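Load the model and keep the sequence beside it. We will walk through confidence, then chain A, then chain B.

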Amino acid sequence: MLPARSAVLTLFLGAAAVAAPSRAETIEVTVDRLVYTPAEIVAKVGDEVEWVNKDALIHTATIKGGADVPLPAKKSGRLLLQEAGSFDYICRYHPNMKGHITVRP
Amino acid sequence: MTIRLTTAAAAIALIFTANGALGADKPTDPQIAHIAYTAGVLDIEAAKQAIATSKNKAVVEFAETMVRDHEAVNSQALDLVKKLNVTPEDNDTSKALSQAAETKRQELAKLSGAEFDKAYVEHEVAYHKQVNGALETLLIPAAQNGELKSLLETGLKLFQGHQQHAEHVATELK
């Protein structure tokens, strides 16, 4: 059972390596002194966004009517992008913090 | 409002006169640390009054953010003064700020409902404006220690955010 599973895994990894250009990526956004940097990102469905909160304050990355990613002080939060579209997001606690994600199919 | 703003102006003027008498033209780091910390504590107290009094969701959420953020910044400030072995020094500016806050607290205690919400949020706009002005023009330029200066700069960014947030809530209340 185990050897078979590793074989499958190897095959899968091999395929992923070949298909590298379209592999899902993680896009990092820094949160520092109440600013998302970069404020605008472009990604594709299947990518993840990782917000790295450098502030000693709690933030969020909140899409209106959508995802709400908590970003504890000095910690990170991630979001898997599941649908294409153009999304504005803010911090619920500091609504003047603004960011934008364009998700391509 | 008039009373508070006058007191605030007097508080800032005191920074000059007090130090002028000592032959310097700006507050020292221990005084700056005390002023910044006091300003935070006063805003936390005001927020707690709002949380206990207000029934408005936007106002309560704003006040909760004030408590959360100012406690976080003040805890950083305490860590820093400990690390730098600086003892915050009470001064006339801190005293005047505390006195103005107490006057405001009593004033707000007489209000309730929409009247309270409006008065509290308008005060928050004015208070952050005033503190940000003092940070920008006096406290940050006067700070000698690099880490203290950097913490004040972070504080300024945060409090500018609070000011905008308060302005937004004030517009919603109209």
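What follows is a short tour of a predicted model.

Start with the scores. The model has an ipTM of 0.75 and a pTM of 0.80. Mean pLDDT is 85 for chain A, where 79% of the residues reach at least 70. For chain B the average is 88, and 86% of the residues score at least 70.

Those averages hide a spread. In chain A, the lowest mean pLDDT of any element, 46, belongs to helix 1 (residues 2-18), and the highest, 98, to strand 4 (residues 48-53). Residues 1-20 of chain A stay under 50 throughout, and the model gives them one contact beyond four places in sequence. Chain B has its own low end: helix 1 (residues 2-22) of chain B has a mean of 46, the lowest among the elements there. Helix 2 (residues 29-53) of chain B has the highest, at 97. Two stretches of chain B stay under 50. Residues 1-6 of chain B have six contacts beyond four places in sequence, and residues 13-24 of chain B have 13.

Now take strand 4 of chain A. Which strands pair with it? Strand 1 (residues 26-32) of chain A runs parallel to strand 4 of chain A, joined by six bridges. Within strand 4 of chain A, A:Val52 sits opposite A:Thr30. Strand 7 (residues 76-80) of chain A pairs with strand 4 of chain A in the antiparallel sense, over five bridges. There, A:Gly77 of strand 7 is the bridge partner of A:Trp51.

The side chains of strand 4 of chain A alternate. A:Val49, A:Trp51 and A:Asn53 point to one face and are buried. A:Glu48, A:Glu50 and A:Val52 point to the other face and are not buried.

Two loops of chain A deserve a look at their backbone. The first lies between strand 2 (35-37) and strand 3 (40-44) of chain A and holds A:Pro38. The peptide bond from A:Thr37 to A:Pro38 is cis, with omega near -5 degrees. The other loop, between strand 6 (68-71) and strand 7 of chain A, contains A:Lys74. A:Lys74 is not a glycine, yet its phi is positive, about 60 degrees. Is A:Lys74 buried or exposed? It has 12 C-beta neighbours inside 10 Å, so it counts as exposed.

Next, the interface. Contacts link 10 residues of chain A with 12 residues of chain B. On the chain A side, seven of the residues are nonpolar, two are polar and one is charged.

Cross to chain B. B:Asn85 lies in the loop between helix 3 (57-84) and helix 4 (92-109) of chain B. B:Asn85 also has a positive phi of about 60 degrees without being a glycine. Its 6 C-beta neighbours inside 10 Å make B:Asn85 exposed.

End on helix 4 of chain B. At 1.5 Å a residue, its 18 residues should span 26 Å, and the end C-alpha atoms are 26 Å apart, so the two agree. The buried residues of helix 4 of chain B are B:Thr93, B:Ser94, B:Ala96, B:Leu97, B:Ala100, B:Ala101 and B:Lys104. Why are they on the same side of helix 4 of chain B? They cover an arc of only 160 degrees around the axis, which puts them there. In general, an α-helix has 3.6 residues a turn, so residues three or four places apart point the same way. The face turned away from the buried side of helix 4 of chain B carries the exposed residues B:Glu102, B:Gln106 and B:Ala109.

Technical notes: Residues numbered from 1 in each chain as written. Chains lettered and ligands numbered in written order. Predicted model: local features only at pLDDT ≥ 70, side-chain atom pairs only at ≥ 80, totals over all residues. pLDDT = per-residue confidence, 0-100. Helix = DSSP H or I, 4+ residues; strand = E, 2+ residues; numbered from the N terminus. Contact = placed C-beta atoms within 7 Å. Nonpolar A, V, L, I, M, F, W, Y, C, P; charged D, E, K, R; others polar. Buried ≥ 20, exposed ≤ 12 C-beta atoms within 10 Å, placed from the backbone. Pairing = 2+ DSSP bridges. Expected span 1.5 Å × (residues − 1). Arc of directions from axis to C-beta.
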